[in-house]
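Please read the following account with the sequence and the coordinates at hand. It proceeds from the overall layout to individual strands, cores and a ligand site.

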Amino acid sequence: MSDLSIPQAEQEKGVLEHVLLVDDNPVNLKILYKTLSNGGYKLLTAEDGETAVQIAQQTKPSLILLDIMMPGIDGYEVCEILKNNPDTADIAIIFLSALEISSAKVKAFAVGGVDYISKPFQADEVVARVRNHIKIHRLERQLARRNFELESENHQIFNAVSEGIIGLDKDGRITMLNPSAMVICGWAVADCLGEQLTALRLFEVDETVKMQEHETLPYLSYRMGQSAHSDMKLIRRRDNTFLPIAITSTPRAEGGAVVVFRDISEWLDSEEALRIARQELESQRQNIAHMERLNTTGAMAAGIAHEVNQPLTAISNYSRVARRLLERENFQHQQLAELLDKLNVQSERASEVIHRMRSYVKKPNGVLSEVDVNEMVMEVIVLAEVDSRINDVSVHFEPQLDLPALHLDVVQIQQVTLNLIRNAMEATAMANSSAQGVMVKTERQGNAVFIRVIDHGVGIAEGKEDQVFNPFYTTKTNGMGIGLSICQSIIQAQGGTIGFEHNPKGGASFYFSLAIT
Ligand SMILES: Nc1ncnc2c1ncn2[C@@H]1O[C@H](COP(=O)(O)OP(=O)(O)OP(=O)(O)O)[C@@H](O)[C@H]1O
Ligand SMILES: [Mg+2]
């Protein structure tokens, strides 16, 4: 009656559970078979212990209903044999026996039975108990399978991650480490397992100073139960070389800690490369800005010559008058002194123009200084007036008083201001609207100071708004078209904004912001 033909896969899928019925009494066996025949199981039968063991080993049923008293090996022995074999150990065994003494039941459980049904049995009871144990057995199998999957998944992750992972017990002894930890630290598992983490001297960067256990980052976790992290620490490898790492140490619920760390040398290299690239970009930007200042100075050469020429002419005149004075017999010292004072004023005026031009074209050293914005704008206006006389456009200044001092690279901000004022004067001259002049304003708005340059000139043509800040965009015959693009790069590098609005009364209103720090 034995049926060994059910394929293993079908059983695994849970389509039909195998149940083995064992009784030396064929009548009993038949009743049992009948009782369970509608339960949806694949029923197998055996009439003695040896056959039962053999079928169980071949088919691995989910459950065995096992008679105790049998000729040959009895039910207890069958149970012990099966429990001692890992392949059959998890088969649920329910003993069936007429033995009513409690020692028989105790022994049934002692050898590994999950249940005990007394004969003569109630059909309903057998069906219910079998159903329950099959269910439990199925759940146990699922759980075991899932556990196995999780464990092997964990194991794969543990072995595959590029981060080094070290497990520590509550005393800081190493309980596990993954392959990446071995590569990063240069230690093999056999050297470390069971060792105190401090024995590896991973965190001893300074040869001369012995590091105490409580000074190491993981200590906080395995001893104090706190998480700890560092973006950048040096780790000492077994060969006494050092590697930069980012490290996190987390306490474990069951005590001890997990330390996870990552080699960040490549990342630091790319950070360094990025820093150098940025530095180069910045220095190129400054070079271009410097060239633009030289270019502007060149464009302003006529005005500068004119500006310097005026005091020089005056100096020449005063010195002629002084010479004539000396030729007089009764000249008064007082008159000569006055003339010399005037000479001095004029020579200072000339040297001031030259000084201003020189400081405008000098290369900035990148040092920020504390600046009074209104004073700075005023200096630029004086510089721009060189052109204002030639263009016949006056520049007015409306400062907001009580502005806070700002930290600025003065040369660069003067460059932006001068470019905007010169553009405004040129636009005004082109529109023949010189009478209105150019207005420069300073005003505080929130956490920034805005500098506005307002003109009533030709204005920005409709549709060209997007282009004015583009390099080489110009509408002027002698323009280079780089003034505004440089202004934009200077202001954006400082995190400020620069832009313009159409002036409702014609002309343009350019502005930029300087952060109050
Ligand atoms: N205030 C303004 N009013 C009208 N148009 C302006 C004004 N400012 C700039 N523009 C327009 O933007 C263009 C670009 O200005 P930008 O200062 O970059 O170059 P540019 O003045 O033409 O030459 P340069 O390089 O010598 O300064 C100008 O040619 C002009 O068409
Ligand atoms: Mg310009």
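The centres of domain 2 and domain 4, taken over C-alpha atoms, lie 58 Å apart. These belong to a division of the protein into domain 1 (8-155), domain 2 (161-263), domain 3 (300-363) and domain 4 (364-517). The model is a predicted one, and every value below is computed from it.

The account of the N-terminal region begins with strand β1. Six of the six residues of β1 (residues 17-22) are buried, so this strand is largely enclosed by the rest of the structure. Burial extends to both of its faces: Glu 17, Val 19 and Leu 21 lie on one side, and His 18, Leu 20 and Val 22 on the other. β1 runs parallel to strand β2 (residues 41-46), to which six bridges join it. Within this pairing, Leu 20 has Leu 44 of β2 as its bridge partner. Leu 20 also lies 8.1 Å from Ile 55, C-alpha to C-alpha, although 35 residues separate the two in sequence. Ile 55 belongs to helix α3 (residues 49-59). Is Ile 55 buried or exposed? Ile 55 is buried, because 21 other C-beta atoms lie within 10 Å, and the threshold for burial is 20 or more.

Attention now turns to a sheet built from β6 to β10. This open sheet has five strands in the order β7-β6-β10-β9-β8, and its pairing is antiparallel. At its edges are β7 (174-177) and β8 (228-236), each of which pairs on one side only. Neighbouring strands are turned against each other by 25° on average, direction ignored. Strand β6 (residues 164-168) pairs with β7 over three antiparallel bridges, and with strand β10 (residues 257-263) over five antiparallel bridges. Ile 166 takes part on both sides, standing opposite Leu 177 in β7 and opposite Val 259 in β10. The side chains of β6 alternate: Gly 164, Ile 166 and Leu 168 point to one face and are buried, whereas Ile 165 and Gly 167 point to the other face and are not buried. β6 and β7 form a hairpin with five residues between them, and Gly 172 in the turn has a positive phi of about 85°. At the other edge, β8 runs antiparallel to strand β9 (residues 242-251), with seven bridges joining them. Ile 235 stands opposite Leu 243 in β9.

A second open sheet of five strands has the order β12-β14-β15-β17-β16, and here the pairing is mixed. Its edge strands are β12 (395-398) and β16 (498-502), each pairing on one side only. The twist from one strand to the next averages 20°. β12 and β14 run parallel and are joined by four bridges; His 396 stands opposite Met 439 in β14. Strands of a sheet pair through backbone hydrogen bonds, either parallel or antiparallel.

Which residues have the most contacts inside the largest nonpolar core? They are Ala 384, Leu 420, Ile 421, Ala 424, Val 438 and Val 453, in a core of 40 residues. At least two residues of this core come from each of α13 (373-391), β13 (406-408), α14, β14 (438-445), β15 (448-454), α15 and β17. The largest share, 10 residues, is supplied by α14. In soluble globular proteins, nonpolar side chains tend to be buried together.

The loop between α14 and β14 contains Asn 432. Asn 432 counts as exposed because it has 10 C-beta neighbours inside 10 Å, the limit for exposure being 12 or fewer. The C-alpha atoms of Asn 432 and Asp 392 are separated by 9.8 Å, while the two residues are 40 apart along the chain.

Helix α14 also contributes to the ligand site. The shell around ligand 1 draws at least two residues from each of α14 (410-430), α15 (483-493) and β17 (508-515), and α14 gives the most, with four residues. There are 23 residues around ligand 1, of which Asn 423, Ala 427, Thr 474, Gly 479 and Gly 483 come nearest. By class, this shell has 11 nonpolar, 10 polar and two charged residues. Helix α14 thus appears both as the element with the largest share of the nonpolar core and as the one that gives the most to the shell around ligand 1.

Definitions and conventions. Residues numbered from 1 in each chain as written. Chains lettered and ligands numbered in written order. Predicted model: local features only at pLDDT ≥ 70, side-chain atom pairs only at ≥ 80, totals over all residues. Pairing = 2+ DSSP bridges. Axes fitted to C-alpha atoms, helices over the stretch in contact; angles between N-to-C directions. Near = placed C-beta within 6 Å. Nonpolar A, V, L, I, M, F, W, Y, C, P; charged D, E, K, R; others polar. Domains from an automatic or database assignment. Core = buried A, V, L, I, M, F, W, Y, C linked by C-beta atoms within 7 Å.
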